[in-house]
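Trainee: I would like to go through some labels and the reasoning behind them. Can we take them one by one?

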Amino acid sequence: NTFSTVAGSHFYPVRAHNIAVGNAYPIRISIRKIPLGRMSSRGILTVATIVSACFAKGSAANFESSISKAHTTTLPSLKKHEASWSENMESDILRQEQTEPMKASPLEYAHGTTTLSFIFDGGIIAAVDSRASIGNFVGSKTTQKVLPINSRMLGTMAGGAADCSFWIRKLQAESRRYEISEGTDISVSKVSRMLADYLYANRHLDLSVGTMIMGFDELGPNIYYVDNRGTRIKGDMFSVGSGSTFALGVLDTERRLNMTEQEAIALGIKAIRHATFRDAFSGGYIAVYVINRDGWKKVFSEDLALTKRNFKK
């Protein structure tokens with residue numbers, strides 16, 4: 001036995017269900033529903049009437065008579081009432097949209113970059129690319145991914161450019177306020193802890209931040225990795241971004257603690273360049289910074305296409 005609900009002139013099948021009536025009569029009912037996925041209240045009442053009648057009477061014969069009665073009383077013929085069905089369906093949909101407005105899915109863009117830093121005998125090397133991407137679209141080829149916090153401290157950007165730049169500039173203001181109120185320079189550890197606390201408190205905002213806070217203080221060179229979940233890790237070498245695994249392969253192979261400054265600069269250039277060979281979201285310019293007791297300085301900036309000579313060995 002088959003029961004159908006009708007909407008306009010469209011019929012859309014749904015999986016059939018086996019119902020045991022009175023624990024003795026398995027009856028197979030194929031229910032068809034409206035194309036927009038919502039049954040009319042008239043159709044729901046019809047199904048309820050049939051099923052309740054079946055369970056009350058407990059026989060297949062009564063089930064058939066219930067269907068016939070439902071077709072003649074609850075569901076008139078399609079040709080006679082097609083217009084009223086369409087009107088009811090449209091009013092139901094409009095009412096649902098007014099009471100439960102549809103929410104747009106969030107836009108999720110893939111972010112890409114390659115940033116790295118490591119400690120050597122002369123201080124800290126920070127190297128980054130300059131490509132900003134929005135999914136497969138290259139938004140910028142000259143993004144500044146290293147931002148100063150004070151004269152001896154830098155922060156890198158990986159993730160959402162707006163999120164990273166906002167919080168690093170927040171650290172600039174807090175660092176300056178601390179120096180004025182306390183009369184001394186703020187430590188790298190305190191700045192990284194401050195950022196980790198901010199991001200942990202705002203973790204529900206779904207920020208996209210993966211930054212390295214690095215600098216030279218009374219304890220020497222320090223590097224901390226901080227992300228949008230409030231994670232804070234201290235280390236001698238980090239690489240963050242979509243190309244980080246490729247950069248770390250070069251750094252793990254060739255990095256030494258007793259490198260000269262020129263060797264360390266060349267290694268930073270090489271690691272970033274090789275990462276861009278394999279990572280489609282990294283590219284643009286290579287920028288390299290050195291941080292030591294005298295502060296930070298930018299020592300290299302050149303288009304990736306022109307830097308082959310710097311590490312052709």
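Mentor: Start with helix α6. This is a predicted model. In it, the buried residues of α6 pack against β5 (115-120), β14 (237-240) and α7 (261-278).

Trainee: Which residues of helix α6 are the buried ones?

Mentor: In α6 (residues 244-254), they are S244, A247, V250 and L251. Buried requires a relative accessible area under 20%.

Trainee: What puts them on the same side of α6?

Mentor: The arc around the axis. The buried residues cover only 125° of it, so they sit on the same side of α6. On the other side, T245, D252 and T253 are exposed. Exposed requires over 50%.

Trainee: Now the charged pairs. What makes D129 and K145 a salt bridge?

Mentor: Compare distance with cut-off. The N to O distance between their side chains is 2.9 Å. The limit is within 4 Å, for a Lys or Arg nitrogen and an Asp or Glu carboxyl oxygen, so the pair qualifies.

Trainee: What does the D129 and K145 pair tie together?

Mentor: Parts that are 16 residues apart in sequence. D129 lies in the loop between β6 (123-128) and β7 (132-134). K145 lies in the loop between β8 (137-140) and β9 (146-150).

Trainee: Why is D129 called buried?

Mentor: Its relative accessible area is 1%. Buried means under 20%, so D129 meets the criterion. K145, at 5%, counts as buried too.

Trainee: How do you know that D197 and R193 form a salt bridge?

Mentor: Their side chains give 3.7 Å, N to O. The cut-off is within 4 Å, so this pair is counted.

Trainee: Where do D197 and R193 lie?

Mentor: Both are in helix α5 (residues 188-201). They are four residues apart, about one turn of the helix.

Trainee: Why is D197 called partly exposed?

Mentor: D197 has 42% relative accessibility. Partly exposed lies between the 20% and 50% limits, so the label fits. R193, at 38%, is partly exposed as well.

Trainee: What makes R256 and E263 a salt bridge?

Mentor: The distance is 3.1 Å, N to O. That satisfies the within 4 Å criterion, so the pair counts. R256 is partly exposed at 40%, and E263 is partly exposed at 36%.

Trainee: Which residues are linked in a network of salt bridges?

Mentor: K170, E174 and R177.

Trainee: How many salt bridges does the structure hold?

Mentor: Ten. The D129 and K145 pair is one of them.

How values were computed
Residues numbered from 1 in each chain as written. Predicted model: local features only at pLDDT ≥ 70, side-chain atom pairs only at ≥ 80, totals over all residues. Heavy atoms only, no water. Helix = DSSP H or I, 4+ residues; strand = E, 2+ residues; numbered from the N terminus. Buried < 20%, exposed > 50% of the residue type's maximum accessible area, 1.4 Å probe, protein only. Arc of directions from axis to C-beta. Contact = heavy atoms within 4.5 Å.
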